[in-house]
Amino acid sequence: MGLQHWPDAAAWPRLLARARQLGGSRWDAWRHGDGAYRAARALEDLLHGVTS
């Protein structure tokens, strides 16, 4: 599901209903379960000048 421009206010109920129908199971492939840790580690590395 993609859009070429920001939707008008009247379009949001239909878009949200469509997104709900699609479900969210495909996002599971992107979830590692340690996002907060990884974000904190990235910030620490940035502050200490570490590059990976």
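These are my notebook entries on a predicted model, set down in the order in which I looked things up.

**Entry 1: overall form**

I began with the secondary structure, which for this protein comes to two helices and zero strands. I then took the radius of gyration, which is 18 Å and so well over the 10 Å that the globule rule gives for 52 residues; the protein is therefore more spread out than a compact globule. Along the principal axes, I find that the C-alpha trace spans about 45 × 25 × 15 Å. I also asked what share of the 52 residues is buried, and the figure is 6%. The accessible surface comes to about 5300 Å², and I note that carbon and sulfur atoms account for 58% of that area.

**Entry 2: W6 and its neighbours**

Next I turned to W6, which I located in the segment before α1, the helix that covers 12–22. Is W6 buried or exposed? Its relative accessible area is 69%, and because exposed means over 50%, I record W6 as exposed. For W12 I read a relative accessibility of 31%, which makes this residue partly exposed.

I searched for aromatic pairs and the count came to one. The pair is formed by W6 and W12, with 5.4 Å from centre to centre and 55 degrees between the planes, and it is classed as tilted. The angle explains that class, because planes under 30 degrees apart would count as stacked and planes over 60 as edge-to-face.

The two tryptophans came up again when I looked for surface patches, since W6, W12 and L16 form a nonpolar patch on the surface. Together these residues have about 370 Å² of accessible area.

**Entry 3: helix α2**

I then followed α2, which runs over residues 35–47. The helix has 13 residues, and from its first C-alpha to its last it reaches 18 Å, close to the 18 Å expected at 1.5 Å a residue.

Within α2 I picked out A40, which is partly exposed at 40% relative accessibility. How far apart are A40 and A29 in space? They are eleven residues apart in sequence, and I find 21 Å between their C-alpha atoms.

**Entry 4: salt bridges**

How many salt bridges does a search of the whole structure find? The search returns two. As background, I noted that side chains of opposite charge can pair when their charged atoms come close.

One of the two joins R38 to D34, where the closest N and O atoms are 3.9 Å apart; the cut-off is 4 Å, so the contact is counted. I checked the exposure of both partners: R38 is partly exposed at 42% relative accessibility, and D34 is partly exposed as well, with a relative accessible area of 30%.

In the other, the side chains of D45 and R41 meet with an N to O distance of 3.4 Å. Both D45 and R41 lie in helix α2, and I note that they are four residues apart, about one turn of the helix. The spacing fits a general point: an α-helix has 3.6 residues a turn, so residues three or four places apart point the same way. With a relative accessible area of 41%, R41 is partly exposed.

**Entry 5: after α2**

Last, I looked at G49, which is found in the segment after α2. What is the sign of the phi of G49? The angle is positive, near 75 degrees. G49 is exposed, at 59% relative accessibility.

I closed with a distance along the chain and through space, taking G49 and D8, which are 41 residues apart along the chain and whose C-alpha atoms are separated by 43 Å. I set this beside the span of the C-alpha trace from my opening entry, about 45 × 25 × 15 Å along the principal axes.

Notes
Residues are numbered from 1 along each chain as its sequence is written. This is a predicted model: local features need pLDDT of at least 70, side-chain atom pairs count only at pLDDT 80 or more; totals for chains, interfaces and linings use all residues. Side-chain values use heavy atoms; hydrogens and water are left out. Patches are made of residues with over 30% relative accessible area and no salt bridge: like charges are joined within 9 Å, nonpolar side chains (Val, Leu, Ile, Met, Phe, Trp, Tyr) within 5 Å. Accessible areas come from the Shrake-Rupley method with a 1.4 Å probe; for residues, only the protein chains shown count as cover. Buried means under 20% relative accessible area, exposed over 50%, partly exposed in between (1.4 Å probe, protein chains only). Rings of Phe, Tyr and Trp (its six-membered ring) pair if their centres lie within 6.5 Å; planes under 30 degrees apart count as stacked, over 60 as edge-to-face and the rest as tilted. The expected span of a helix is 1.5 Å times one less than its number of residues. The radius of gyration is taken over C-alpha atoms; the globule rule is 2.2 Å times the number of residues to the power 0.38.
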